[in-house]
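I opened this entry to keep a record of what I looked up, in the order I looked. The structure goes in here before the notes.

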Amino acid sequence: MTVAHYVPYRAVRTGVDLSDSKGASSALSTEVAVQSIHRALAGFQGPPDIFRNPSGLFRILSPCEGDVSPFDLALNWTGTDFAVMNMHFKFGLYEHMASGAIHGLIELIKKMQAICYLKQIQRKNIEKIKIVSYEPAVTILGDLAKRDPHTRQSADHSMVYIIATTLRKAFEKFEHLTVQDLNETEEFWKFLMLLP
């Protein structure tokens, strides 16, 4: 029922300035999922076999022949596992696909012994930073429209802004870093993380 009626599209994540709708997308989907559970418990039936139905969203977007799904299905009918147990949570305000680049920057600063290194260089001496990523991260986070973000939602979906701001914070706060901070990755993440 939820998948048939309420699957969010990527439209909430694209464009020059992202809105509150992007930030609420998962919450809105969760809200209607819980509502669908209540309806199902009361006897309301949703459409059957939405993954293999030729008129269903998945078959329309990924046409295939016969009575099959366009992707492998791994549905759980028994046991104690629940989807929320398999989720991950972010430390700060950034699109989750940027976490690898943030972690890479943090590891680079640690390896270059940030305290000494950041004292010796100037921001103006950094000519270029090249980040190699995967799809859809390139499309979402590398969108040219997000290179000059004007909303928080657009900023936390801009690889340029996320990495530049993390590096700027490292420059501004290097005198507060200790060797222990550099050795404890989680604390270092918290130290440099983007906040509201």
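For the first item I needed the rule for a patch: it is made of residues with over 30% relative accessible area and no salt bridge, and nonpolar side chains are joined within 5 Å. I also note at the outset that this is a predicted model.

**Surface patch.** I looked up nonpolar residues under that rule and found Tyr9, Ile60 and Leu61 forming a patch on the surface. Together they have about 360 Å² of accessible area. I placed leucine 61 in helix 3, which covers residues 57-61. Leucine 61 has a relative accessible area of 59%, so it counts as exposed, the cut-off being over 50%.

**Overall make-up.** I then went to the whole chain. The protein chain has ten helices and zero strands, and its pattern along the sequence reads α-α-α-α-α-α-α-α-α-α. Of its 196 residues, 28% are buried. I wrote down an accessible surface of about 13400 Å², with 57% of it belonging to carbon and sulfur atoms. For contacts between residues at least 6 apart in sequence, I noted that 67% join residues at least 24 apart.

**Salt bridge.** How many salt bridges does the structure hold? I found one. Aspartate 143 pairs with lysine 146, and their closest N and O atoms are 3.8 Å apart. I checked the exposure of both partners. Aspartate 143 is partly exposed at 22% relative accessible area, whereas lysine 146 is buried at 1%.

**Arginine 59.** I went back to helix 3, where arginine 59 is also placed. Arginine 59 is buried yet has no salt bridge. Which side chain of opposite charge is nearest to arginine 59? I found aspartate 67, at 5.2 Å. Because a salt bridge needs a side-chain nitrogen of Lys or Arg within 4 Å of a carboxyl oxygen of Asp or Glu, I did not enter this pair as one.

I next looked for polar atoms around the side chain of arginine 59. The backbone oxygen of arginine 52 lies 2.7 Å from one of its polar atoms. The backbone oxygen of glycine 66 lies 3.0 Å from a polar atom of the arginine 59 side chain. Leaving aside neighbours within four places in sequence, I listed contacts of arginine 59 that include Phe51, Asn53, Pro54, Cys64, Glu65, Val68 and Pro70. Arg52, Gly66 and Asp67 are among its contacts as well.

**Loops.** I looked up three residues outside the helices.

- Proline 48 sits in the loop between helix 2 (20-41) and helix 3. Its relative accessibility is 67%, so I entered proline 48 as exposed. Its C-alpha atom is separated by 8.6 Å from that of methionine 1, though the two are 47 residues apart along the chain.
- Glutamate 95 lies in the loop between helix 3 and helix 4 (99-111). Is glutamate 95 buried or exposed? I found it buried, at 3% relative accessible area. The C-alpha atoms of glutamate 95 and isoleucine 162 are separated by 9.1 Å, with their positions 67 residues apart along the chain.
- Proline 136 is in the loop between helix 5 (114-120) and helix 6 (137-141). I noted a cis peptide bond joining glutamate 135 and proline 136, with omega about 10°.

Conventions: Residues are numbered from 1 along each chain as its sequence is written. This is a predicted model: local features need pLDDT of at least 70, side-chain atom pairs count only at pLDDT 80 or more; totals for chains, interfaces and linings use all residues. Side-chain values use heavy atoms; hydrogens and water are left out. Patches are made of residues with over 30% relative accessible area and no salt bridge: like charges are joined within 9 Å, nonpolar side chains (Val, Leu, Ile, Met, Phe, Trp, Tyr) within 5 Å. Accessible areas come from the Shrake-Rupley method with a 1.4 Å probe; for residues, only the protein chains shown count as cover. Helices (H or I, at least four residues) and strands (E, at least two) are DSSP runs, numbered from the N terminus. Buried means under 20% relative accessible area, exposed over 50%, partly exposed in between (1.4 Å probe, protein chains only). Lys and Arg count as positive and Asp and Glu as negative; His and the chain ends are not counted. A polar contact is a pair of N or O atoms within 3.5 Å; within protein, one must be able to donate a hydrogen and the other to accept it, and residues adjacent in sequence count only if both atoms are side-chain atoms. Contact means heavy atoms within 4.5 Å.
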